[in-house]
Amino acid sequence: MVDTAPKAASPAGGPPAPSRKAMRLAIAGSGLLLVLAFAAFYWATSLASRRKAAESVGAVAVTVTDSACEPMELTVPAGRTSFAITNRSNRVMEWEILDGVMVVEERENIAPGITQSITAQLAAGTYDITCGLLSNPRGKLHVTPSQAAGAAPAAPTLLAFIGPLAEYQVQLLAQAGDFAKVTSALAEAVKAGDLDHARALYGAARLSYARLAPAADLFADLDTRLDARADDFGGRENDPLFTGLHRLEYGLFAQGSTDGLRAPAEALAADAGELDKRMATLQLLPDRMVSGAARLMHRAAGLEAAGAAEKYAHSDLADIQAETDAVLGIAQLLRPLGEKASPGLPARIAADGAALTALLAAHRDGTGFSSFETVAADQRAAIAAALNTLGDDMDTLGAALGLTTSGRSAP
């Protein structure tokens with residue numbers, strides 16, 4: 001039907017106003033776009049739900065409460081096993097599988113009421129599992145022999161990795177020695193009551209430990225004493241188990257005093273000395289070299305997005321740069337092998353590392369970094385995303401080199 005309605009005159013001699021038919025078509029088009037947008041949203045949401053459901057099929061369910069795991073003991077066959085971890089506490093939690101002092105696999109930053117998945121390749125044996133707060137009792141994971149585990153591909157030869165492993169071991173030895181020296185000096189400054197000097201030495205100790213952080217899974221017992229945060233314990237800052245670097249950080253920066261810090265400072269220096277001794281006999285393997293770097297980046301992303309890493313000194317940016325440099329150093333050691341296994345991947349890792357460094361450089365203040373309190377929420381999100389990207393890169397490198405023994409599932 002022809003629209004015979006007169007067209008409205010346009011003001012000031014401009015183009016004619018749209019006809020009623022054109023208006024109806026525009027409204028109908030807008031409605032169609034809304035319908036399509038809703039359909040796309042529904043499809044994407046349904047797809048995400050189906051994927052999540054698919055991931056959780058056959059997964060071993062574990063619930064973490066304020067005080068324990070439910071159940072506290074698990075039995076699974078050797079091989080690849082998925083776990084669905086639900087946080088029923090009122091705090092952000094993590095769940096770890098430990099083989100002695102080594103972290104086998106972990107899922108960190110699980111928010112209250114949220115379920116996240118984790119997949120691990122497990123050999124037969126008995127493992128410890130952490131149940132939320134570090135002050136909570138640990139559970140047990142019993143892994144029984146199975147044919148599936150026997151069918152797994154053989155571990156790659158160590159011959160190709162001898163050079164990178166030896167060089168990394170030398171670096172760790174030097175860094176552990178530096179950490180022992182600076183924590184000893186920090187303890188002396190605390191005993192002398194020199195607040196300004198102690199604060200400066202705390203910053204140096206943090207950076208020193210950040211360079212060791214990719215290997216922290218190999219000495220999880222010491223890492224708990226050296227680097228655990230107040231939120232990891234039931235009594236938070238007042239919990240007697242809260243020691244180490246962040247106990248010093250709390251006293252020096254939140255309380256603004258060296259009072260009451262002599263014992264924690266001496267304990268920190270003693271643990272650093274123990275780490276220095278242990279580093280000489282540390283069993284370093286290529287899969288741990290790569291997976292530790294990947295996990296560090298993913299863990300840092302969760303902490304930095306929440307601003308929970310250096311919550312008293314707010315020196316997060318310097319820590320991130322030191323950790324990033326450590327991870328990129330590992331990637332550089334493995335670059336020749338990585339280039340053969342996946343041409344272009346080492347260059348991508350270097351580019352993603354440079355992008356992260358550029359984000360951090362925007363917050364440089366003179367010779368150091370500005371306080372993390374000055375970093376806007378969108379900038380924190382960008383830094384966290386870049387950390388996750390670098391972590392994904394290291395996961396990809398591990399897979400390309402045939403080192404992957406466990407898969408990282410998306411939250």
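## A walk through the strands, cores and loops

Let's start with two strands: E1, which covers residues 60–64, runs parallel to E4, and five bridges hold up the pairing. Keep in mind that you're looking at a predicted model. If you want one spot to find by eye, look for Val60, which stands opposite Phe83 in E4.

Now zoom out a little. E1 and E4 belong to an open sheet of four strands, laid out in the order E2-E1-E4-E7, with mixed pairing. At the edges sit E2 and E7 (115–122), each of which pairs on one side only. If you're wondering what links such strands, they pair through backbone hydrogen bonds, either parallel or antiparallel.

Back to Phe83 for a moment. The structure holds five aromatic pairs. One of them is made by Phe83 and Trp95, whose ring centres are 5.3 Å apart and whose planes make an angle of 45°, a tilted arrangement. Phe83 belongs to strand E4 (residues 79–87) and Trp95 to strand E5 (residues 93–99), so this pair ties together parts that are twelve residues apart in sequence. Both Phe83 and Trp95 are buried.

Next stop: E3, residues 73–77. Which of its side chains are buried? Leu74 and Val76 are, and they point to one face, while Glu73, Thr75 and Pro77 point to the other face and are not buried. That pattern makes sense because in a regular strand the side chains alternate between the two faces of the sheet. E3 also has a parallel partner, E9 (residues 139–144), with five bridges between the two strands. Within that pairing, Pro77 has Thr144 of E9 as its bridge partner.

Just ahead of E3 there's a little oddity in the backbone. The peptide bond between Glu70 and Pro71 is cis, with omega at about 0°. Pro71 itself sits in the loop between E2 (69–70) and E3.

E2 has something else to show you. How many disulfides does a search of the whole structure find? There is one, and it joins Cys69 to Cys131 with an S to S distance of 2.1 Å. Cys69 lies in strand E2, whereas Cys131 lies in the loop between strand E8 (125–129) and E9, so the link ties together parts that are 62 residues apart in sequence. The torsion about the S-S bond of Cys69 and Cys131 is about -115°, so this disulfide is left-handed. Both cysteines, Cys69 and Cys131, are buried.

Strand E8 is also home to Ile129. Is Ile129 buried or exposed? It is buried, because its relative accessible area is 0%, and the cut-off for buried is under 20%. Leaving aside neighbours within four places in sequence, Ile129 is in contact with a long cast of residues, including Leu74, Trp95 and Leu141. You've already met Leu74 in E3. Ile129 and Leu74 are 55 residues apart in sequence, but their C-alpha atoms are 9.5 Å apart in space.

Time to move on to the nonpolar cores. The largest one has 69 residues, and the members that touch the most other members are Phe179, Tyr209, Phe219, Leu275, Leu334 and Met394. Helix H3 (residues 162–191) gives the most to this core, with ten residues. A second, separate core has 22 residues, among them Val76, Ala120, Leu122 and Leu141. This fits a general trend: in soluble globular proteins, nonpolar side chains tend to be buried together.

Take Tyr209 as an example from the largest core. Not counting neighbours within four places in sequence, Tyr209 is in contact with several residues, among them Phe179, Phe219, Leu275 and Asp223.

What about Asp319, found in helix H9? Asp319 has a relative accessible area of 4%, so it counts as buried. Beyond residues up to four places away in sequence, Asp319 touches Arg206, Leu207, Ala210 and Glu310.

Let's finish with two loop residues. Arg236 has a positive phi of about 50° although it is not a glycine, and you'll find it in the loop between helix H5 (220–227) and helix H6 (245–254). Arg236 counts as partly exposed because its relative accessible area is 34%. His314 also isn't a glycine, and its phi is near 55°, a positive value. His314 sits in the loop between helix H8 (286–306) and helix H9 (316–333). With 21% relative accessibility, His314 counts as partly exposed.

Notes. Residues numbered from 1 in each chain as written. Predicted model: local features only at pLDDT ≥ 70, side-chain atom pairs only at ≥ 80, totals over all residues. Heavy atoms only, no water. Buried < 20%, exposed > 50% of the residue type's maximum accessible area, 1.4 Å probe, protein only. Pairing = 2+ DSSP bridges. Contact = heavy atoms within 4.5 Å. Phe/Tyr/Trp six-rings, centres within 6.5 Å; stacked < 30°, edge-to-face > 60°. Core = buried A, V, L, I, M, F, W, Y, C linked by side-chain atoms within 4.5 Å. Disulfide = S-S within 2.5 Å.
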